[in-house]
Amino acid sequence: MATVPVYCICRLPYDVTRFMIECDACKDWFHGSCVGVEEEEAPDIDIYHCPNCEKTHGKSTLKKKRNWHKHDTGQSTEVKPVQNGSQVFIKELRSRTFPSAEDVVVKVTGSQLTTEYLEENGFTEPILVPKKDGLGLAVPAPTFYVSDVENYVGPERSVDVTDVTKQKDCKMKLKEFVDYYYSTNRKRVLNVTNLEFSDTRMSSFVEPPDIVKKLSWVENYWPDDALLAKPKVTKYCLICVKDSYTDFHIDSGGASAWYHVLKGEKIFYLIKPASANISLYERWQSAANHSEMFFADQVDKCYKCTVKQGQTLFIPSGWIYATLTPVDCLAFAGHFLHSLSVEMQMRAYEVERRLKIVSLTQFPNFETACWYMGKHLLETFKGRPLFHALCFLSCGYVRIELLLFSVGVQATRWTEAKITSF
């Protein structure tokens, strides 16, 4: 009886359901999963050498690229776009130069970052705090590891994981992701950016900066007896392996964000929320092939900001940004709405609604948070003499204009307003 041919280092018969790649030296065929080659990577490989042939023929080589964000498929007449987050994309991104964030990022100490400071200087540009001293920020010691996250959050916790190369999301148990993180042969680049842990044992190790707690609408004005659940957006854990990439976005609801790097470092690509840039962003997001277009190429300037271990970055409302992880990184983050950027928050939220964006870090019950803030203003200034304040709060179909006059309070309501009792 004739023997069945076997292939690959696993020496198994051919399986039509499994991707295979041929070695250009020995001409044997190998399962991509056995030699660490993803099917999506194959078109980028010019000459492939299997693990055995690498010893005598050298490593595999990639095809030469014609220009940024395009790659040659091997046929002179065809140029194929590069997927954002792919290995080719990451390599090109690392080689590019960008204007320094020194031009836009403000550096202050933790003790300087107070409500008085922001009310005087505004919160329209990113703020970098080199050391957490004086911030009122509580995080674990740098000896805290990813395995500790699993221990305090729970190994069975379901987490959202981004496959960076494909820029697609999937669900995994935290234990599965941690096993991947510590594996010596990572075959994919996986990224966890929205592990909200305020309801876990790890919550006791982390407290947002004092300035966040003082400004946050949710923390200060959301009633304890509210019918809707209080948004959980203040405590996120980010576990990002080397070469993780998150494409350009505006944080949900136009919320501001804080990031603290506990281990490793992260690179932020920052774009100002100028009207022209936001319009370009909306057009880019609407394009069917936006994942094949590098948004920074469409704006005047994109600034590169590297946040190192122990540093904290605050990103104002409306800023458009992407992130790259150059080395394995463990970080903590949070989102917050506040009164220093009401107009930008509303504009960002309207863009989000038009685009029908549903992000992993969605700001839940955003409109309700705005209503509770409006209620707070009414209760605070009702009956106060010689006071006149104007506050705009857009909530979906609603626009509230609170006019607080010298005697009493006059609240006007507009067409299309859909208001329920607080």
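**View 1. Helices H10 and H11 meet through a small set of named side chains and backbones.** Gln345, Met346 and Tyr349 in H10 meet Phe366, Glu367 and Cys370 in H11. By class, the residues of this contact divide into 4 nonpolar, 1 polar and 1 charged. The model shown here, and in every view below, is predicted. H10 covers residues 342-355, and H11 covers residues 366-381. Their axes lie 12 Å apart, and the helices pack at an angle of about 155°. An angle over 145° counts as roughly antiparallel, so H10 is roughly antiparallel to H11. The crossing of H10 and H11 is left-handed.

**View 2. The whole protein combines helices and strands.** The protein has 11 helices and 24 strands. Of its 422 residues, 46% count as buried. Consider the contacts in the protein with a separation of 6 or more: residues 24 or more positions apart account for 71% of them.

**View 3. Four strands form an open sheet.** The order of the 4 strands is E15-E20-E17-E18, and the pairing is antiparallel. Strand E15 (244-249) and strand E18 (303-308) are the edge strands. Each of these edge strands pairs on one side only. From one strand to the next, the twist averages 15°. Inside the sheet, strand E17 (residues 265-271) and strand E20 (residues 320-325) run antiparallel and are joined by 5 bridges. One residue pair to look for is Ile267 and its bridge partner in E20, Leu324.

**View 4. Helices H3 and H9 sit against strands of the open sheet.** Return to Ile267 and its bridge partner Leu324 in E20. Helix H3 (residues 87-95) packs on this sheet and touches E15, E17 and E20. The direction of H3 makes about 105° with that of E20. Helix H9 (residues 275-286) lies across E15, E17 and E20. H9 runs at about 115° to E15.

**View 5. Strand E19 is covered on both faces.** In a regular strand the side chains alternate between the two faces of the sheet. Strand E19 spans residues 312-315. Thr312 and Phe314 lie on one side, with Leu313 and Ile315 on the other. These four residues are all buried.

**View 6. Strands E10 and E16 both join E19.** Strand E10 (residues 127-129) runs antiparallel to E19, with 3 bridges between them. Strand E16 (residues 256-263) also runs antiparallel to E19, here with 4 bridges. Which residue in E19 is the bridge partner of Leu128? The partner of Leu128 is Leu313. Leu313 is also the bridge partner of Tyr259. Find Leu313 in the structure, then look for Leu128 and Tyr259.

**View 7. Ser198 lies in a loop.** The loop holding Ser198 is between strand E13 (190-196) and helix H7 (210-215). Is Ser198 buried or partly exposed? Its relative accessibility is 27%, so Ser198 counts as partly exposed. Burial would need a value under 20%. Leaving aside neighbours within four places in sequence, Ser198 is in contact with Ser203, Lys232 and Lys235. Tyr236 is 38 residues from Ser198 in sequence. In space, Ser198 and Tyr236 are 8.1 Å apart, C-alpha to C-alpha.

Definitions and conventions
Residues are numbered from 1 along each chain as its sequence is written. This is a predicted model: local features need pLDDT of at least 70, side-chain atom pairs count only at pLDDT 80 or more; totals for chains, interfaces and linings use all residues. Side-chain values use heavy atoms; hydrogens and water are left out. Axes are lines fitted to C-alpha atoms, for helices over the stretch in contact, and angles run from 0 to 180 degrees between N-to-C directions. Helices (H or I, at least four residues) and strands (E, at least two) are DSSP runs, numbered from the N terminus. Angles under 35 degrees count as roughly parallel, over 145 as roughly antiparallel, 65 to 115 as roughly perpendicular and the rest as oblique. A crossing is left-handed if the near helix is turned anticlockwise from the far one by less than a right angle, and right-handed if clockwise. Contact means heavy atoms within 4.5 Å. Ala, Val, Leu, Ile, Met, Phe, Trp, Tyr, Cys and Pro count as nonpolar, Asp, Glu, Lys and Arg as charged, and the others, Gly among them, as polar. Two strands pair if DSSP finds at least two bridges between them. Buried means under 20% relative accessible area, exposed over 50%, partly exposed in between (1.4 Å probe, protein chains only).
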